[in-house]
Amino acid sequence: MTAHIERINIPLASPLIIAALLFSTAACSNPSAVSPSNNKSTATEYKEVSSSDNDTQTATQTKTSKPDFTTKAIATFDEPWAMTAIPSTDGKAPKLLVTQKTGELFTVDTATGNKTKIEGVPTVAYGGQGGLGDIIVAPDFVTSNTVYLSYAEAGTGSDSNKFGAKVIKATLSGLETATPTLQDITPIWQQSPKVTGQGHYSHRLLFSPDGRYLYISSGERQDKDPAQDMNGNLGKIIRLSPDGNTPTDNPFTDNELAKQFWTIGHRNVLGMAFDDSGQLWAHEMGPKGGDEFNIIEKGNNYGWPMVSNGRNYSGLDIPDHDTKPEFVAPKITWTPVISPSAMSIYAAGIHNDFPSWQGNALISGLSSKALIVVGISEDNTAAERYRYNMGERVRSVLAVDGKVWTLEDGNEAQLLRLLPK
């Protein structure tokens, strides 16, 4: 195990010539687009994970410096989408909240694997990439028991056969009983306008470190143009107060809807996290190639669909970021794609299972079937450090107090604890 590293600056050294010749897998979170393996893990509780070097690692990395781990199966879910930890003050193994796209919400005891279904979840529009989405706890959860959820909602009336993401807050009641429920459900935000199709909702949720602001990623719903349209909130990162009101210091003032926006020009942001210095990072699925890792700063335009380091699925080119400097370029792009699905920043906390990951971004990959570790430097540059072949599409990753869990994608998806070797 390597020594504790506060923040790292390791240059990215992917073989550009080879990457330019490769055709990438479509960067899509929909399992129907990239078929998962049917070969789930065996009944054994533990399994080895390969840590062999790959093309995107730098020459300075060696097998001895790359932490190895085994995985322990905790519980199994069908089409899980997100997980978060319930705050623990007694030092015991945490309980997690886990969503399933089909509309179920569970608590799971990571010490025993016992699952409990939570009742009262609103009806979700399940289909395509839609359904029950993200789950986070409020900063004051210990006293309020408040949680925030996102999900796909079907339209009615003139919006019939159209869909959009919705965010609610609710009180989680009876957490320590056999029948926990969501109560006092309050709408916070919704995508506008609702559109046809069931892709690229994004609807990732995140609180600022001080708990004053709620960030919501709003996908462009596979329609490209909305990302630059100031009359709709698709293709944006939203910044609100916890009650859903719009902060007065948000950067855009074009209209009342635009006052919600923190940044614009996004495609499909499925991971957001603050690093240990309070800087916001997000990863974003590119089209055919060009997955992105971005530093998110107030008022920036990230260029979609005007620029991308990927190309259209038809094969038609899209101008690269360096051709239009008015748009903010990503710190990392991936071609072939990794299909990033979630992100968590590693911090030691009570435990320190992986000291060399300190301050790193842990990214789960769908088509890549990988866990990707990205180092972030003090000057806000970033580079992929390690990549682990997990053998299955990885839907989510979560670091809590120095421990790490991953969540597989699809049916019979396993919640895994990573155990250092």
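**Note on a predicted, strand-rich chain**

1. K288 has a relative accessible area of 22% and is therefore classed as partly exposed, a value to be read in the knowledge that the model is a predicted one. The residue is found in the loop that runs between β16 (280-284) and β17 (291-296). Its C-alpha atom is separated by 10.0 Å from that of L316, although K288 and L316 are 28 residues apart along the chain.

2. Turning to the chain as a whole, two helices and 25 strands are assigned, and buried residues make up 58% of the 421 residues. Among the contacts between residues at least 6 apart in sequence, 62% join residues that are at least 24 apart, and several of the points below give individual examples of links between distant parts of the chain.

3. A second lysine, K166, offers a useful comparison with the loop residue of the opening point. K166 lies in strand β9 (residues 163-173) and, at 15% relative accessibility, it counts as buried because the cut-off for that class is under 20%. Its side chain is joined to that of E153 by a polar contact of 3.1 Å. Leaving aside residues up to four places away in sequence, K166 touches L149, S150, Y151, E153, P187, W189 and Q190, and of these Q190, in β10, is the residue that stands opposite K166.

4. How are the strands around K166 arranged? Four strands form an open sheet in the order β7-β8-β9-β10, with antiparallel pairing. The edges are taken by β7 (132-137) and β10 (181-190), each of which has a single partner strand, so that one side of each is left without a neighbour in the sheet. On average, and with direction ignored, neighbouring strands of this sheet are turned by 25° against each other. Within the sheet, β9 and β10 run antiparallel and are joined by seven bridges.

5. Strand β5 (residues 105-109) deserves separate attention, since five of its five residues are buried and the strand is therefore largely enclosed by the rest of the structure. Which residues lie on each face of β5? On one side are L105, T107 and D109, and on the other F106 and V108, all of them buried, so both faces are covered.

6. The partners of β5 on either side can be described in turn. Strand β4 (residues 95-100) runs antiparallel to β5 and is joined to it by five bridges, with L96 standing opposite V108. The hairpin of β4 and β5 has four residues between the strands, and G103 there takes a positive phi near 115°. With strand β6 (residues 115-118), β5 pairs in the antiparallel sense over four bridges, and I118 in β6 is the bridge partner of L105. This second hairpin has five residues between β5 and β6, and G113 in its turn has a positive phi of about 85°.

7. The structure holds 14 aromatic pairs. One of them is formed by F69 and Y388, a tilted pair with 4.8 Å centre to centre and 45° between the planes. F69 lies in strand β2 (residues 69-77) and Y388 in strand β22 (residues 382-389), so the pair ties together parts of the chain that are 319 residues apart in sequence. F69 is buried, with a relative accessible area of 1%, and Y388 likewise counts as buried at 1% relative accessibility.

8. A further aromatic pair is that of Y215 and W262, whose ring centres are 6.1 Å apart and whose planes stand at 85°, so the pair is edge-to-face. It links distant parts of the chain, with Y215 in strand β12 (residues 214-218) and W262 in strand β14 (residues 261-264), 47 residues apart. Both Y215 and W262 are buried.

9. The F69 and Y388 rings also belong to a wider group, in which ring pairs link F69, Y346, F354, W357, Y386 and Y388 into a cluster. Y388 has a charged neighbour as well, for K66 lies over the face of its ring at 4.7 Å from the ring centre. A similar arrangement is found at F77, where the charged end of K115 sits over the ring, 4.5 Å from its centre.

Conventions: Residues are numbered from 1 along each chain as its sequence is written. This is a predicted model: local features need pLDDT of at least 70, side-chain atom pairs count only at pLDDT 80 or more; totals for chains, interfaces and linings use all residues. Side-chain values use heavy atoms; hydrogens and water are left out. Rings of Phe, Tyr and Trp (its six-membered ring) pair if their centres lie within 6.5 Å; planes under 30 degrees apart count as stacked, over 60 as edge-to-face and the rest as tilted. Buried means under 20% relative accessible area, exposed over 50%, partly exposed in between (1.4 Å probe, protein chains only). A charge sits over a ring if NZ of Lys or CZ of Arg is within 6 Å of the ring centre and within 35 degrees of the ring normal. A polar contact is a pair of N or O atoms within 3.5 Å; within protein, one must be able to donate a hydrogen and the other to accept it, and residues adjacent in sequence count only if both atoms are side-chain atoms. Contact means heavy atoms within 4.5 Å. Two strands pair if DSSP finds at least two bridges between them. Axes are lines fitted to C-alpha atoms, for helices over the stretch in contact, and angles run from 0 to 180 degrees between N-to-C directions.
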